Amino acid sequence: MSELRINLTKGISLFKYNKKAFIGFIIILFYVLMAIFGRYIVPLSLESNFSERYLAPSLKHPFGTDYFGIDIFAQIVNGARTVIGLSMTSSFFAVLIGTILGILRGYLTGKIGQLVDAIISIFLVIPSFPALLIMAAIFADSNLNMVQISLIVALWLWAPLAKQVSAQVMSIKSKEFIEASKMLNMPLYYIVFKDIFPLVAPYILVNFAMQLKGAMEFTIGLMFLGLAKFDSTHWGIMLNYALYQAGALYTPRAFHYPFFIILNIILLIYGGIIFAQGLEETFNPKLRGHE
Amino acid sequence: MKKTLIKIFVLFMSLTLIFSSFNFSFAATKKTSDLKLASDWPYPFHGNPFGPGAVGGAWWFVYEPFAYYIPQTGQYIPRLAEKWTINGSKLTVYLRKNAKWSDGRAFTAQDVVNTVAFIQAMWQWPYEIQTVRAINPNTVEFTLWKDAPTSFMHTILTDGAMGSLVPYHVYSKWYGQARQVAELGKKIFYDTQSGKTVSDETKKQYEKLSSALRDQVNKFSPYKTLKRMPVVGAYEPTKIIQSEMVLSKNKYHWLANKNTTERVVFRRWSSNEFVWASLVSGELDAAHPNMPKDVVEQLKFINPNLNVKTVSDLSEIALIFNFNNKLFKDLNLRKAIAYVIDKNKVKDVSVWQANPAGQYYTGVLSSMQSKWVNSATLSKMTKYTTSAASAENILKKAGYTKKDNQWYTPSNEPVEFVLSVYGPHNDWVLAAREVVQQLNKFGFKVEMKLIPDGMRDQVMRSGEYECAIEFGSAWWGYPHPMTGYARLYQWDIANITAFPSKEKFNTPWGEYSPFDLVEELRVNINNSKKATEIIQKLAYITNEYLPVVPLFEKVLPIYYSSARLTGWPSAQDGRWSLAPGGIERLYNLLITEGVLKAK
Amino acid sequence: MKFILNRLIYLLFVLFIAISGIFFLINKMPGDPAYGLAVSISQQRNMDINKALEIAHQMMGIDTGEPLFIRYVKFLNQFIRGNIGYSTYYQTTVNEIVAKSLPWTLLVVFISILISFIIGVYLGAFSAQKRGRAVDISISFVSSIIQAIPPFVLAVLILFVGAIKLRIIPLGGAYPVDMEPSLSMDFIISVIKHAIGPIVAISIPQIAVWTLAMRGNTPQIMEEDYIRFAMIRGVKDSTIARKYIRNNAILPLVASLAIAFGYMLGGNTLVESIFNYPGIGFYFGKAIALRDYGLLTGLFSLIVVGVIIATFLAEIIYSLIDPRVKVK
Amino acid sequence: MMKALLKVENLSAHYIVKEGTIKAANNINLEIAENSVTAVVGESASGKSTLIEAITMSLPPNGRISSGKVFYKDNDILKSDYEHLRKIRWTEIAYVPQAAQQSLNPTMKVIDHFVDTVKSHNIKWSNHEIRERASELLKLVRLEPGTVLDSFPNQLSGGMKQRVLIALALLFDPKILILDEPTSALDVITQAHIVKLLKEIKKNRDITIIFITHDIAIAAELADYIVVIYGGHVIEKADTIKIFKEPKHPYTKGLINSIMSILSKDDEPKGIKGDPPSLLNPPPGCKFHPRCQFASEICKKEVPDLIKLDDSSKVACFLYKSAGGDVDE
């Protein structure tokens with residue numbers, strides 16, 4: 001029982017032993033730093049220069065220039081802010097909602113438990129991306145800020161997590177020490193936060209990293225389809241420009257244009273995936289035995 | 001057990017793959033007498049001309065207007081009509097004697113009368129036609145309503161719906177009903193227009209009758225009920241699936257002998273990439289997608305048979321202002337914006353093939369300006385050559401100040417606003433992006449906002465924007481400056497911008513309200529001397545008071561392939577200008593007359 | 001049996017709530033379905049947009065005055081009768097549109113899921129067996145990368161490379177217009193040929209997803225006592241890998257299979273549009289763009305029904321192959 | 001004493017974990033006589049399972065055998081190749097591990113477990129023959145073959161599963177049957193059933209049984225010999241009657257007294273004070289010395305050897321070295 005608790009603290013020290021988690025962490029950290037400090041280091045000029053479009057990568061333009069003749073590297077760096085901001089907050093909210101409802105569903109029995117279960121089931125059966133499109137259209141003309149957009153995205157991301165968490169909680173709650181707490185008449189919040197939460201915490205952390213991918217795809221998709229507020233350096237918008245507006249795939253000398261955007265998107269998602277995989281291996285003793 | 005299933009499946013898949021690679025051929029439509037195009041149409045296909053989407057891209061192939069009008073030459077090419085005469089408010093059309101429906105029945109004046117009754121009943125339009133009667137089987141006489149503009153004659157002659165939309169022998173069942181609804185609708189319309197009150201009872205009766213008719217007619221789908229759709233045009237839709245639509249030659253068409261193209265095959269225009277890909281691989285003979293410059297060069301390189309001809313779309317893309325916003329009520333600011341924007345750069349980034357907006361913003365399309373606005377007028381007007389200095393002068397004179405590269409109004413508020421643009425229109429988005437960039441650089445704080453798919457109308461009409469990219473002057477329907485001015489001062493642009501067009505504006509010829517000028521122009525449209533005079537005044541007001549700032553004149557790029565077809569007109573040929581507002585007209589004209597044919 | 005019945009009633013309840021939510025959500029969507037039509041009318045007939053809008057409303061039979069709740073009751077009433085709506089744009093029942101498009105989507109989705117699941121499960125199990133070796137590392141690396149590629153990017157790439165550069169796949173559509181749908185070999189081959197583009201675009205990322213999921217599941221299974229007991233019994237390695245490890249590692253994936261199925265029903269909007277493929281996703285995209293509320297509600301409900309059926313089937317299959325469920 | 005069927009010499013095994021090395025079996029010497037029943041007794045985590053796993057070469061992936069030999073019919077099993085080992089397993093030595101609840105594949109019917117096992121040993125029995133054989137064995141363990149064979153494991157109760165495992169183990173009439181905690185996690189009535197069953201098997205078959213238990217009462221009931229394990233060491237080995245009558249090692253005494261105290265009305269608690277040693281950081285010397293009331297200085301420094309006291313009993317305790325026992329090699 002306390003074994004898992006120990007794992008949580010040990011996990012952090014074990015962190016350095018797991019290469020995957022480490023690399024994933026470095027990639028994410030790299031982009032987070034880019035998001036925070038990038039715009040102070042790499043200045044962005046959005047002034048178009050049509051005659052200098054599609055310049056190949058060079059020292060002056062590490063990623064080349066785009067259809068407007070604007071430096072792609074500077075746009076990627078400056079766009080990291082919205083990309084990271086949106087996907088991080090979205091996954092945070094998704095994990096928050098998923099955890100709370102998941103624990104409630106797992107712990108509570110009776111009418112309220114069934115109600116929570118029904119809510120989870122409903123969100124599970126509604127396909128998320130189409131629903132998100134509709135939500136975005138509904139709120140499209142009401143100037144949403146980043147937190148609100150993240151909430152809308154998170155609304156369609158949390159359900160699978162909640163289901164998994166509730167399954168975990170259900171298997172934990174039958175354990176003796178919870179029974180003991182119940183017999184001691186401990187208040188609900190005590191049981192949930194002191195007894196159950198620490199046990200599912202590593203699991204949630206892993207999921208946070210996993211959610212990054214979903215959140216990235218959703219937010220990029222939203223921007224890509226022009227349903228969220230326009231930020232011309234958001235990678236989704238950049239990709240939209242590259243593929244649909246500029247038709248870069250059909251222009252051999254523009255190959256670098258979508259390439260570097262996709263590269264960065266993939267690298268960030270990849271970072272999230274292997275970070276999650278690494279964390280999972282670190283926290284899950286069963287997986288660890290095989291290293 | 002499971003394993004065997006999987007094995008069988010894998011075997012099956014690989015077998016089919018091997019099979020399929022054996023007899024591999026591109027779409028079986030290798031017939032050389034096909035014309036292959038891209039378009040959109042409703043599927044499941046109803047063939048109902050009153051249904052939304054109607055017959056899609058087939059429209060101009062299956063419905064014939066009385067005549068085609070070539071804007072560049074001002075010439076009418078007779079189609080269903082052999083000739084026509086105009087006598088005051090009467091238009092007499094002499095129908096082609098050898099015109100037949102595709103099921104072999106003769107096309108008569110009765111069909112025209114029937115069509116007008118039906119569209120008036122179904123669409124509550126065109127009430128401008130007060131009566132239509134068949135003088136004899138080959139002659140129809142239209143009488144215009146007294147207040148209808150004479151330009152409506154043009155609409156009657158060139159609109160594809162007017163003559164052959166509703167075959168009498170197919171729709172005769174509802175003719176009486178349609179007639180009744182149309183007459184009642186006309187009466188209500190005329191009464192309302194002349195200020196009389198219409199009783200609720202009449203209105204209710206109209207609603208009842210018209211919805212009863214609409215229910216029946218909309219449910220009737222000729223394509224499904226009759227298994228065919230008798231049409232008077234050169235082609236009849238015969239086979240329709242979601243991704244392709246086949247039109248087969250009407251062998252009774254009066255030009256059937258000249259026409260050597262057996263079929264018109266449409267592929268669905270599902271995405272621009274798809275059309276690009278189809279053009280490159282020779283799957284299409286012609287299409288008109290927006291294409292960035294480099295893509296065009298590359299496509300021409302891969303498919304050397306590809307040519308491009310650009311024709312004016314008879315419209316311009318403009319920056320429009322919300323005049324309820326006090327920032328834009330100031331003419332000085334609008335003028336400054338007009339000076340700041342580098343139109344050529346905007347054009348390059350947005351649609352490289354477009355015509356630049358020119359240096360005068362007269363409301364007359366820049367490609368037509370020399371024809372309508374005389375040099376004497378031009379010399380009186382402000383010339384908007386891109387110049388930040390001129391803009392600064394105007395602003396400083398008006399009391400604006402600049403601090404830290406940010407302009408402030410005389411009342412010391414920062415000049416900041418949001419530019420809204422309709423997301424799905426790529427070229428607009430690109431133009432907006434460039435405009436925002438230029439204005440920001442000058443020292444206005446401008447942000448950009450995308451209007452989501454399907455929301456353009458909502459945002460524009462509710463006035464929930466500060467400034468936007470929209471069509472400015474546009475000459476669709478009736479290719480004449482009047483159409484553009486009507487848009488700017490009476491219709492949609494006036495509605496959404498709230499430009500005070502009824503106010504009087506100072507001109508070298510005195511004070512005029514543009515709203516009244518447009519009315520006057522409408523009345524005098526056939527009086528070319530008077531019309532030109534009025535146009536000079538409107539041009540002056542438009543240029544000096546800037547209801548909108550034009551960015552570029554939109555063009556339609558037509559990509560056509562000479563791989564399988566011969567006879568495409570030369571680049572100078574006026575017939576290309578038939579394309580805007582119905583590009584299929586151009587193809588139909590060329591193939592029915594046997595100009596364009598298979599090699 | 002009682003378990004199945006209970007689940008069925010529960011899922012019907014979930015379905016009811018979900019489609020009600022969808023109905024109100026969709027009808028909250030701003031925009032005017034008649035706008036696109038109105039614009040073309042106003043352009044063609046040189047008419048004021050307001051007038052054109054009025055005409056467009058009449059043409060589409062849009063009654064703006066009816067209260068939402070009445071429409072909701074009507075919708076439910078029709079829905080129960082199996083009539084999932086009326087498309088204002090296509091002027092026909094959604095059922096008809098579904099009948100014409102669902103088979104294509106199902107074809108693509110089924111084949112994609114089957115191919116990606118089979119390949120993914122094999123690759124994942126293989127990778128897990130070789131855990132830590134070069135093969136495993138490269139498989140999981142490539143899978144993680146592929147998983148991160150958005151499918152619509154892949155679709156544009158496949159269209160360009162497959163149809164233009166290499167000319168090995170036909171350009172769009174489900175079958176050539178000159179062919180009559182039949183059960184002839186020619187037609188079937190043509191259908192498969194046309195479906196290859198979308199199938200590949202959808203399958204490739206899915207393969208990566210299943211590979212990673214399977215690879216992630218397997219080590220936990222390897223720790224199970226029954227694997228050890230099988231080894232102690234001297235059961236052959238190949239038998240253990242197949243009957244003991246893979247069959248048990250697949251179980252948790254079956255549940256995800258249902259979710260993937262639902263996601264694919266509506267999630268292929270972009271892919272289908274890029275390939276001009278006449279499936280549900282194509283109409284779904286159209287319905288959103290055109291604000292065709294009837295079509296949108298109908299298709300959305302259909303997708304939800306699809307997910308629920310898939311979930312239900314998954315549960316039954318799950319209980320068939322994993323007897324533990326029955327005991328519950 | 002009869003001929004030793006299985007002979008363990010100086011066997012040591014350990015586990016590698018992140019925190020270090022767990023020495024779970026140290027320098028173990030054992031001889032198992034043919035057709036005898038031996039009980040390996042010890043507290044949980046005393047290394048008794050490790051001993052069995054090392055003997056059968058079925059340690060978990062992080063377990064290692066560091067030294068020693070295991071002779072079965074005079075062949076060192078530890079040196080045989082994997083394929084040979086696989087063949088010996090189950091035909092000669094059948095080992096039923098602990099945790100019967102999870103030892104059957106939940107996605108397979110009971111009969112398929114028999115089929116897989118037979119097929120894997122290249123025995124040419126038809127499916128029908130396998131079914132007959134399985135039915136016969138299930139009847140032996142008092143199960144109804146008709147229903148059980150076609151059931152999935154989760155349709156069976158814990159006791160039924162344990163009996164299925166035993167039936168499975170008897171599939172090829174192995175020479176040695178090794179059972180790890182065959183009765184733990186079962187209710188008392190089922191325990192009694194299993195014990196009865198094992199007694200019958202012992203009586204009716206030529207078979208050598210080794211079983212692990214922490215329940216000394218069951219050991220007393222079933223076993224001919226008892227091996228006591230403490231802290232990874234064998235500390236005492238004797239025949240059952242003797243060990244109960246006259247336990248030698250202080251730990252064994254405590255262990256036996258703890259049952260006796262339940263039986264007798266003595267109100268003085270006889271349980272052993274203190275906690276069992278951690279195998280990760282075991283105390284030096286005799287692993288029992290921190291809990292031993294007789295501990296002397298030498299106990300803290302040196303590990304006592306197993307001393308042969310008489311024909312059937314051996315003990316590892318310095319108390320008896322001075323008493324003049326012989327060191328067992």
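How much area do chain B and chain C bury between them, and what percentage of it lies on carbon and sulfur atoms? In this predicted model, chain B and chain C bury about 6400 Å² between them, with 60% of that area on carbon and sulfur atoms. A second contact, inside chain D, joins domain 1 (4-92 + 174-315) and domain 2 (100-173); these two domains bury about 1700 Å² between them, 63% of it on carbon and sulfur atoms.

**Interface of chain B and chain C: extent and polar links**

- Chain B contributes 67 residues to the contact, and chain C likewise contributes 67 residues.
- Four salt bridges are counted between chain B and chain C.
- A salt bridge links the side chains of K224(B) and E96(C), with an N to O distance of 3.3 Å.
- Polar contacts across the interface of chain B and chain C amount to 12 residue pairs, both residues being at pLDDT 80 or more.

**Interface of chain B and chain C: the chain B side**

- The elements of chain B that each supply at least two residues to the side touching chain C include the helices α1 (2-22), α3 (109-123), α8 (200-219), α10 (272-280), α19 (456-461) and α21 (492-497).
- The strands β9 (244-249) and β10 (263-268) of chain B also each supply at least two residues to that side.
- Helix α1(B) provides the largest share of the side of chain B that touches chain C, namely nine residues.
- By residue class, the side of chain B that touches chain C comprises 28 nonpolar, 21 polar and 18 charged residues.

**Domains of chain D: arrangement and polar links**

- The C-alpha centres of domain 1 of chain D and domain 2 of chain D are 28 Å apart.
- Domain 1 of chain D gives 21 residues to the contact, and domain 2 of chain D gives 18 residues.
- Two salt bridges are counted between domain 1 of chain D and domain 2 of chain D.
- R142(D) and E200(D) form a salt bridge in which the closest N and O atoms are 3.5 Å apart.
- Five residue pairs are in polar contact between domain 1 of chain D and domain 2 of chain D, both residues being at pLDDT 80 or more.

**Domains of chain D: the domain 1 side**

- Two or more residues of the side of domain 1 of chain D that touches domain 2 of chain D come from each of α2 (82-91), β7 (176-180) and α7 (188-204) of chain D.
- Helix α7(D) supplies the largest share of that side, seven residues.
- The residues of the side of domain 1 of chain D that touches domain 2 of chain D are 11 nonpolar, two polar and eight charged.

Definitions and conventions. Residues are numbered from 1 along each chain as its sequence is written. Chains are lettered from A and ligands numbered from 1 in the order in which they are written. This is a predicted model: local features need pLDDT of at least 70, side-chain atom pairs count only at pLDDT 80 or more; totals for chains, interfaces and linings use all residues. Side-chain values use heavy atoms; hydrogens and water are left out. Domain bounds come from an automatic or database domain assignment. Contact means heavy atoms within 4.5 Å. Buried area is the accessible area (1.4 Å probe) that two parts lose on being put together, summed over both. A polar contact is a pair of N or O atoms within 3.5 Å; within protein, one must be able to donate a hydrogen and the other to accept it, and residues adjacent in sequence count only if both atoms are side-chain atoms. Helices (H or I, at least four residues) and strands (E, at least two) are DSSP runs, numbered from the N terminus. Ala, Val, Leu, Ile, Met, Phe, Trp, Tyr, Cys and Pro count as nonpolar, Asp, Glu, Lys and Arg as charged, and the others, Gly among them, as polar.
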